[in-house]
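Good morning, and thank you for the opportunity to present. I would like to go through a few local features one at a time. Please take a moment to look at the structure before I begin.

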Amino acid sequence: MAPVVSVTGLVKTYASGFVALNDVSLNIEEGEILALLGPNGAGKTTLISTICGITTPSAGRVSVGGHDTIRDYRAARKLIGLVPQEINLEPFEKVLNTVRFSRGLFGKPRDDAHLERVLRQLSLWDKKDAKVIELSGGMKRRVLIAKALSHEPRVLFLDEPTAGVDVELRKDLWETVRRLKAEGVTIILTTHYIEEAEAIADRIAVISKGDILLVEEKAALMRRLGRKQMVIELQAPIDAVPEALAHHALETGPDADTLIYTYDTQRERTGITRLLNEIQAAGLQLRDVQTRQSSLEEIFVGLVQEEERG
Ligand SMILES: Nc1ncnc2c1ncn2[C@@H]1O[C@H](COP(=O)(O)OP(=O)(O)OP(=O)(O)O)[C@@H](O)[C@H]1O
């Protein structure tokens, strides 16, 4: 199946001469949730704006639903919903009107039943007659999402949708994103909350200094780059790791009563059985053993640091 969004050799050099996107190529499949992760200034917003046809590329091409975003701008733009990072709403307009107006901008016929569904999904229906200025920050962000969904887009871009949104509402937004995916909408989101990407994305793209460092299925990425740690609690603190265990590259925990063993789950042998046997042979008594998987956050920080070191 052809990708719903196809980005090829995209370069964006701003008038200042700054290269914000450096030969970016990326395919986005219909119906997936792709999280775009990257540090501040990496180029996430520039990439989204260029795909949405708001920023003109310096080189390369983008197509959405098979329509070139420059030659066939209107057809491409009709398929796209964009929730921008900045809240740019008319303060004295009523919620329903502002959403209805957005739909009209795309030349779609009036469909109040659709708008009611969208506003109800976003828990905004009881605010439909409120003026934007009367809403809280989280509600305004949901109005932005309602506007972006007003013309029934096939591809929805969310640029940091949960910035400044409380935990409860963030969970509600994730739920909305999942529901949209179930309806077949393709979703691309940027976020600084890595647990958000971990929770809802199918694939992760990491961008740094205008380059895409990787695009990979989340589960595969975590398997490939993830490490596991075994935390071994001892009955009593130790002064140092016994000589007999030195070849295991163990670390000691802060209270010297834990040993931390980092291993690669991809390897055929993890070395766990041997380690536990040798711990027993060294005369150490165990209190408890736990394992933990490194998080996407640790993987992400590692990747970006590697890139920075060049
Ligand atoms: N209009 C512009 N003119 C010149 N430089 C710009 C312009 N817009 C963005 N930039 C620069 O391009 C780089 C990428 O910015 P962009 O907003 O795409 O990053 P981002 O990854 O979305 O960052 P953040 O996480 O902070 O939102 C930054 O260094 C920024 O200063």
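Let me start with Ser123, which is found in the loop between α4 (112-121) and α5 (137-149). Please keep in mind that this is a predicted model. The phi of Ser123 is near 50°, a positive value in a residue other than glycine. For context, most residues other than glycine have a negative phi. Is Ser123 buried, exposed or partly exposed? A residue counts as partly exposed when its number of C-beta neighbours falls between the limits of 12 and 20. Ser123 has 13 C-beta neighbours inside 10 Å, so Ser123 is partly exposed.

A second residue invites the question again. Asp23 also has a positive phi, near 60°, and is a residue other than glycine. Where is Asp23 placed? Asp23 lies in strand β2, which covers residues 19-28. With 14 other C-beta atoms within 10 Å, Asp23 is partly exposed.

I turn now to the strands. In general, strands of a sheet pair through backbone hydrogen bonds, either parallel or antiparallel. One open sheet has four strands in the order β12-β13-β11-β14, with antiparallel pairing. Which strands stand at the edges? They are β12 (251-252) and β14 (286-293); each has a single partner strand, so one side of each is left without a neighbour in the sheet. Within this sheet, strand β11 (residues 228-234) and strand β13 (residues 258-263) run antiparallel and are joined by six bridges. Across this pair, Met230 stands opposite Tyr261 in β13.

Strand β6, residues 80-83, offers a parallel example, as four bridges join β6 to strand β7 (residues 155-159). Here Leu82 stands opposite Phe157 in β7. In a regular strand, the side chains alternate between the two faces of the sheet. Which residues of β6 are buried on each side? Ile80 and Leu82 are buried on one side, while Gly81 and Val83 are buried on the other, and both faces of the strand are covered.

Finally, I come to the ligand. The residues that surround the ligand include Tyr14, Ser16, Phe18, Asn40, Lys44 and Thr45. By class, this shell has four nonpolar, seven polar and one charged residues. Which element gives the most to the shell? Helix α1, residues 44-51, does, with three residues.

That concludes my presentation, and I thank you for your attention.

Key
Residues are numbered from 1 along each chain as its sequence is written. This is a predicted model: local features need pLDDT of at least 70, side-chain atom pairs count only at pLDDT 80 or more; totals for chains, interfaces and linings use all residues. A residue is near a molecule or strand if its C-beta atom, placed from the backbone, lies within 6 Å of it. Helices (H or I, at least four residues) and strands (E, at least two) are DSSP runs, numbered from the N terminus. Ala, Val, Leu, Ile, Met, Phe, Trp, Tyr, Cys and Pro count as nonpolar, Asp, Glu, Lys and Arg as charged, and the others, Gly among them, as polar. Two strands pair if DSSP finds at least two bridges between them.
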